[in-house]
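Please open the structure in your viewer and keep the selection panel at hand. The tour moves from one selection to the next and says what is found at each stop.

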Amino acid sequence: QVQLVESGGGLVQFGGSLRLSCAASGSIFSINTMGWYRQAPGNERELVATSISGGGTNYADSVKGRFTISRDNAKNTVYLQMNSLKPEDTAVYYCNARIMKAWYSTYNNYWGQGTQVSVSS
């Protein structure tokens, strides 16, 4: 089995910072993309940032310049440094990874359980 375990969420004031972590564990042969999505109440889940194994990154326009995604491939871990947080960043943040469990298998999509980020005004 594969598990994604997130940590680092919480309550922060406007303009504050938080750092999210997501560690993948279990039967892992290769990880391609790792990233973060978020879902606010009444909204659809949306992309926040992704990191490709070759080093490329992608950000939602709403977080560019404020959030930074990074990963430690040796630890199968992805991070999201969130600075200058705004109330509109309040959401449940989900870790996502495309993981190949064995050399003969294909990449499949996995999700973490989510971690709440709340920003007060």
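Select Glu46 to begin, bearing in mind that the model is a predicted one: this residue is partly exposed, with a relative accessible area of 37%. Add Arg38 to the selection, and a salt bridge appears between Arg38 and Glu46, with the closest N and O atoms 2.7 Å apart. Arg38, in contrast to its partly exposed partner, counts as buried, at 6% relative accessibility. As a general matter, side chains of opposite charge can pair when their charged atoms come close.

Next, select Asp89 together with Arg66, which form another salt bridge, here with 2.8 Å between the closest N and O atoms. Which parts of the chain does this pair tie together? Asp89 lies in the loop between strand E8 (77-82) and strand E9 (91-100), and Arg66 in the loop between strand E6 (57-59) and strand E7 (67-72), so the pair links parts that are 23 residues apart in sequence. Asp89 is buried, at 1% relative accessibility, and Arg66 is buried too, at 11%. If you now show Arg38, Glu46, Arg66 and Asp89 at once, you have a single network, joined by salt bridges that share partners.

Move on to Asp61 and Lys64, whose side chains meet in a salt bridge with an N to O distance of 3.1 Å. Asp61 is exposed, at 65% relative accessibility, whereas Asp89, visited above, is buried. In total the structure holds four salt bridges.

**Into the core**

Now colour the chain by secondary structure: eleven strands and zero helices are present, so the whole run of elements along the sequence reads β-β-β-β-β-β-β-β-β-β-β, with a strand counted as a DSSP run of at least two residues.

Select Trp36, Leu80, Met82 and Tyr93, the residues that touch the most other members of the largest nonpolar core, which has 30 residues. Two or more residues of this core come from each of strand E1 (2-7), strand E3 (18-26), strand E4 (30-39), strand E5 (46-51), E7, E8, E9 and strand E11 (115-120). Which element gives the largest share? That is E9, with five residues.

Keep Tyr93 selected and show its surroundings, leaving aside residues up to four places away in sequence: among the residues that Tyr93 touches are Trp36, Leu80 and Met82, and the list also includes Arg38, the residue met at the opening salt bridge, as well as Glu6, Phe67 and Val117.

**Two buried stops**

Thr50 comes next, and you will find Thr50 in strand E5. Is Thr50 buried or exposed? With a relative accessible area of 12%, Thr50 is buried. Beyond residues up to four places away in sequence, Thr50 touches Thr33, Met34, Gly35, Tyr37, Gly56, Thr57, Asn58 and Ile69.

For the second stop, select Val12, which sits in strand E2 (residues 10-13) and is buried, with a relative accessible area of 13%. With residues up to four places away in sequence again left out, the contacts of Val12 are Ser17, Leu18, Leu85, Ser118, Val119 and Ser120. A distance drawn from Val12 to Ala60, C-alpha to C-alpha, comes to 21 Å, for two residues that are 48 apart in sequence.

**Out to the surface**

Turn to a surface view and select Phe29, Trp103 and Tyr104, which form a nonpolar patch with about 470 Å² of accessible area together. Trp103 is in the loop between E9 and strand E10 (107-111), and Trp103 is exposed, with a relative accessible area of 65%.

**The whole chain**

Finally, clear the selection and view the entire chain. The C-alpha trace spans about 50 × 25 × 25 Å along its principal axes, and the radius of gyration, 14 Å, agrees with the value near 14 Å that a compact globule of 121 residues would have. Of these 121 residues, 41% count as buried, while the accessible surface comes to about 6400 Å², of which 47% belongs to carbon and sulfur atoms. Among contacts between residues at least 6 apart in sequence, 56% join residues at least 24 apart.

Conventions
Residues numbered from 1 in each chain as written. Predicted model: local features only at pLDDT ≥ 70, side-chain atom pairs only at ≥ 80, totals over all residues. Heavy atoms only, no water. Buried < 20%, exposed > 50% of the residue type's maximum accessible area, 1.4 Å probe, protein only. Helix = DSSP H or I, 4+ residues; strand = E, 2+ residues; numbered from the N terminus. Core = buried A, V, L, I, M, F, W, Y, C linked by side-chain atoms within 4.5 Å. Contact = heavy atoms within 4.5 Å. Patch = residues over 30% accessible without salt bridge, like charges linked within 9 Å, V, L, I, M, F, W, Y side chains within 5 Å. Areas by Shrake-Rupley, 256 points an atom, 1.4 Å probe, with all protein chains shown as cover. Rg over C-alpha atoms; globule rule 2.2 N^0.38 Å.
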